[in-house]
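Please look through the structure below before reading on. The paragraphs after it take up the cysteines, the interior, the surface and a pair of charged side chains.

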Amino acid sequence: MATLSSHPTAADFLARNRGGGLFTETVSQRAAAYLCVLAHRLGLPPTALTLANLVLGLGASIGVVLLAHDMNVVLGLAALVVWQLAYALDCADGQLARVTGRTSPAGKRIDILCDVALQIALVASVVAVANAYRPDLPSWLGPLFAGTWMVNLVTSVLQQDTAAHSLVTSNSPVVRVVKLVRDYGAVVTVIGLTLAFAPQWTPWLLVAFTVVNGAFLLVSIAATARASLGAR
């Protein structure tokens, strides 16, 4: 597959993005397009961006875990910036692959595997801070939060199937704002700001995400079961 041109622009890369929530489309995918321009000029393969995403994301999460008892504005904002840069790279690897014709099964697999590692690390960082400020948290809450959190990754992988579709297909401004609760870019922003300015609220953030993701899982099961039973 040929490239769009010998020197594709940010607009060329952005046109090949896979979409996402309001925050992801407005911020992350656009930042990714400019990262693609730089990567293309440097001759980097898409997997280089995937691995850079892994290194940055893991580094930020591990840093938060190690400094969980000492969260402050500087540490929280630093984690937020690095997480957002890592996510932009996660968006960029796909754009770069599609524009340059370098998509491959191996590339898709490494992307998913890196996403799994990053999600585990992010969950660990949130739980670590929550436990640092509330050592008396129920022992079951952390695992429940981790389990329901992975629903985001599972549904993201499932949506790569051409037969998959969103439970709510409306693109109205109100619906898109509501969907921010499941937009990874927006979610990471909320986590980073909480760590920076109100780390003592992290336990409640953990509870809130557990409820939201758990509810989404139950609704998804019900809707999918209904569609399956109604299929002929």
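The count of disulfides in this predicted model comes to zero. The rule asks for two cysteine sulfur atoms within 2.5 Å. Cys-36 does not meet it, because the closest cysteine sulfur, in Cys-91, lies 9.4 Å from its own, too far for a bond. Seen from the other side, Cys-91 is likewise in no disulfide, the nearest cysteine sulfur being that of Cys-36, 9.4 Å away. Are these two cysteines buried or exposed? Cys-36 has a relative accessible area of 0%, so it counts as buried. Cys-91 is buried too, with a relative accessible area of 9%.

From there the reader can turn to the interior. The largest nonpolar core has 26 residues. Which of them touch the most other members? They are Val-64, Trp-83, Phe-145, Trp-149, Ile-191, Leu-195 and Phe-209. Several helices supply this core: α3 (46-66), α4, α5 (105-133), α6 (141-158), α8 and α9 (202-230) each give two or more residues. The most comes from α5, which gives eight residues.

Phe-209 can serve as a way into this core. Leaving aside residues up to four places away in sequence, Phe-209 touches Phe-145, Trp-149 and Ile-191, which are also listed among the members that touch the most others. Its further contacts are Val-181, Val-187 and Gly-214. Apart from the largest core lies another one, made of 14 residues. Cys-36, the buried cysteine met above, is among its members, as are Ala-10, Leu-96 and Val-99.

The surface comes next. Val-73, Leu-77, Leu-193 and Phe-197 form a nonpolar patch there, and together they have about 330 Å² of accessible area. Two elements give two or more residues to the patch, namely α4 (73-100) and α8 (184-197). Both of these helices also give two or more residues to the largest core. Val-73 belongs to helix α4. Its relative accessibility is 37%, so Val-73 counts as partly exposed; the limits for that class are 20% and 50%.

The charged pair comes last. How many salt bridges does the structure hold? It holds one. In it the side chains of Arg-134 and Asp-136 meet, at 2.9 Å from N to O. The two partners fall into separate classes of accessibility: Arg-134, at 32%, counts as partly exposed, whereas Asp-136, at 54%, counts as exposed.

Conventions:
Residues numbered from 1 in each chain as written. Predicted model: local features only at pLDDT ≥ 70, side-chain atom pairs only at ≥ 80, totals over all residues. Heavy atoms only, no water. Patch = residues over 30% accessible without salt bridge, like charges linked within 9 Å, V, L, I, M, F, W, Y side chains within 5 Å. Areas by Shrake-Rupley, 256 points an atom, 1.4 Å probe, with all protein chains shown as cover. Salt bridge = Lys/Arg side-chain N within 4 Å of Asp/Glu carboxyl O. Helix = DSSP H or I, 4+ residues; strand = E, 2+ residues; numbered from the N terminus. Buried < 20%, exposed > 50% of the residue type's maximum accessible area, 1.4 Å probe, protein only. Core = buried A, V, L, I, M, F, W, Y, C linked by side-chain atoms within 4.5 Å. Contact = heavy atoms within 4.5 Å.
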